[in-house]
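Dear colleague,

I am passing on the structure below, and I would be grateful if you could look through it alongside the notes that follow.

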Amino acid sequence: MGTILTALLISLALSPPAQATYDPIGSGSTKLTLDKSFLFFLKSNGITLSAKAGAKRKGSSITLPVTSGNLDPTIGLGEIGQEGTIAFGGKRGKVPLRNVTVKTKQATLIAKVGGGQLKVATSAKRSSARSGFGTRYSAGQLRLTAKVATRLNKKLRPRVPFMKGQVIGTLSSNAQPRLVTILPQGRATLVFDPAFAAKMDSHFVSLNPIFPAEHVGPTFTFPIIAGSQLAPEGSEGTLRTGGSVEMLQLHAGQVFWTELWLDMATRVDSAEVEILPTPAFPGKLGRIGVLGLGAASVASDPKARTISVQGAPLTLQAQAASQLNEAFAQGKGDFSAGETVGALSFLAVGQ
């Protein structure tokens, strides 16, 4: 028993840690609340602190729009990019802080100061929590770094100098993803249109699922697999599914659509296409757009972190129609671009 336990502990110790999965950030805001003592220090030295180029100041707070970065919302790690400039000003000049970036590790606040990026402030009191699809991050007791204090003193020459470790305030960010990493769970559903199924039947073509795809009658389901990312509002991203659809005409053509991947930006469902037998048919053709996505209503639930589509029409792409005609209709135009193939539904769960 002891030997088994020891072996298990060694195995766990040697196992690689789970890798973070970062979502690209698309929106949100960061609020910097200035400490009263820091505001008094600035006023006493005749130094102003202004916000411009997208950043806004109101009283003791400066708000910057979040526009970029990447973050793993499950562990709160990553970086958050802001638009806007924070500028220190005095009688002798100005020190603007541009390209302000929040890092969720030790170097909490980074900015371009002069010609290069510098650590502006650090915090030992950091925390994060989920906020819908995204993350709410906060850092208390932001302390000025030595390099930025030196730069401010050299340019502004205050009567009382800025000091390393000087508390400037607190920070909070609400960062929302442009694309949400989708968990490999659940299944997408394709219900073949009765007219399309009847046409296949008239050509003696059977529609078959290849595992892990499954079907009950005209309803085919495909597992949602790793690598999927979707915008919460459905404007972009890719939903990846596993398994294949086999279209088989006995003693004639055989067409495989493997791993249907739906691109929400182009509204095209692509697949790895293979047409057999060879040499009569071309064999593997690579990834090709086979279906087009018609008008679809996308619903997202930030609280449950789900993105769903119900009953969206799928239509045949021109190249796919041509391939079906060659494989099953002796080159005749029985299949045409734009004809309805079926309807797609899925419920995708974000990380």
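**Confidence and overall form**

In this predicted model, the protein chain has an average pLDDT (the predictor's confidence in each residue, from 0 to 100) of 94, and 95% of the residues score at least 70. The exception I would flag is residues 4–17, over which pLDDT stays under 50 and for which the model has 0 contacts (heavy atoms within 4.5 Å) beyond four places in sequence. Where pLDDT is low, the predicted coordinates should not be read in detail.

Residues are numbered from 1 along each chain as its sequence is written. Local features need pLDDT of at least 70 and side-chain atom pairs count only at pLDDT 80 or more, whereas totals for chains, interfaces and linings use all residues, and side-chain values use heavy atoms, with hydrogens and water left out.

The secondary structure of the protein chain consists of 5 helices and 26 strands (DSSP runs numbered from the N terminus, H or I of at least four residues for helices and E of at least two for strands). Its radius of gyration, taken over C-alpha atoms, is 28 Å, against near 20 Å for a compact globule of 351 residues, the globule rule being 2.2 Å times the number of residues to the power 0.38. The C-alpha trace spans about 90 × 60 × 35 Å along its principal axes. Of the 351 residues, 44% count as buried, where buried means under 20% relative accessible area, exposed over 50% and partly exposed in between, with a 1.4 Å probe and protein chains only.

**Helix α3**

Helix α3 covers residues 146–156, and Val148, Ala149, Leu152 and Leu156 are buried in it. These four lie on the same side of α3, because they cover an arc of only 105 degrees around the axis, as judged by the directions from the helix axis to the C-beta atoms. The buried residues of α3 pack against β6 (85–90), β7 (93–103), β9 (116–122) and β11 (134–144), while the face turned away from the buried side carries the exposed residues Lys147, Thr150 and Lys154. Just after α3, Arg157 takes a positive phi of about 50 degrees.

**Ser131**

Ser131 belongs to strand β10, which runs over residues 125–131. Its relative accessibility is 15%, so Ser131 counts as buried. Leaving aside residues up to four places away in sequence, Ser131 touches Arg136, Asn174 and Gln176.

With best wishes
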